[in-house]
Amino acid sequence: MVEQQGRRLGIMGGTFDPIHYGHLVTAEAARDCFALDEVVFVPSGRPPHKSRSQPCSPEHRAMMTLLAIITNPHFSLSRIEVDREGYSYAIDTIRSFAEQYGPDTEIFFITGADAILEIAGWYQADELFQLASFIAATRPGFDLQGLNRLPEAWRQRIHSFDVPALAISSTDIRRRVAQGVSIRYLLPETVENYIIKEGLYVRQ
Ligand code: NAP
């Protein structure tokens, strides 16, 4: 358990296409382990690193995220990236939360370790590390050797975090829907019902 000093905010960044129990377990475990006061889920709007548009619109992804988190009083949804024009850069999001919450709040950006391994290529990466620490959630057996390529000062601000529930993946869920295979118990029932009602992921 990390010692508590001031307010601690988790920003859960991801595409969430769709959100699933792996993401929810990650956020809850990070909250517990890093003594976060709250976790704000930020579905990405237009990811700069993905040439193809996402299978689902930002609106659908934000709605599924809201349905998934609504029963947890420590979780909330931010539409900051969904509503922002242009590409979704983490630096803009983190800067905006830093301004909103003020200097007494410590920010932890939580996301998948695969994404963190690419962080050197993120827009204004140096400033990212001045504003936030990073929690890199790993799937079982994930190889973190790539982190050694990052500067030491950055590595000190990256906490890796093994989440067995991340064996669940959005890609697998989309494939299952397209193939007519059950997705039950991989994500909240409310999200499953939304996917069925809106006919999402039927075509890959
Ligand atoms: P991604 O490449 O789609 O995902 C990488 C891996 O991490 C996938 O295995 C994914 O699993 C998992 N993952 C994604 N978000 C997660 C989360 N919050 N918790 C646990 N696992 C997670 O990555 P992405 O979702 O597009 O991007 C992740 C975050 O990094 C977003 O907030 C994005 O805006 C940010 N990012 C910023 C920049 C930039 O500022 N230039 C560049 C790249 C990424 P699932 O597929 O199952 O989710």
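**Note on the ligand site and the overall fold**

1. A polar side-chain atom of H23 lies 2.7 Å from an oxygen atom of the ligand, where a polar contact is a pair of N or O atoms within 3.5 Å. The ligand, taken alone, exposes 870 Å², and the protein buries 90% of that (accessible areas come from the Shrake-Rupley method with a 1.4 Å probe).

2. This is a predicted model, in which local features need pLDDT of at least 70 and side-chain atom pairs count only at pLDDT 80 or more, while totals for chains, interfaces and linings use all residues. Residues are numbered from 1 along each chain as its sequence is written, and side-chain values use heavy atoms, with hydrogens and water left out.

3. Two further contacts involve oxygen atoms of the ligand: an N or O atom in the side chain of R139 is 2.4 Å from one such atom, and a backbone N or O atom of G14 lies 3.2 Å from an oxygen atom of the ligand.

4. There are 28 residues around the ligand, of which T15, H20, H23, K50 and R139 come nearest (a residue is near if one of its heavy atoms lies within 4 Å). By kind, the shell divides into twelve nonpolar, twelve polar and four charged residues, with Gly counted as polar and Asp, Glu, Lys and Arg as charged.

5. Which element supplies the largest share of the shell around the ligand? That element is β4, with four residues; β1 (7–14), α1 (21–33) and α5 (113–117) are among those that each supply at least two.

6. The chain holds nine helices and six strands (DSSP runs, of at least four residues for helices, H or I, and at least two for strands, E).

How values were computed. A polar contact is a pair of N or O atoms within 3.5 Å; within protein, one must be able to donate a hydrogen and the other to accept it, and residues adjacent in sequence count only if both atoms are side-chain atoms.
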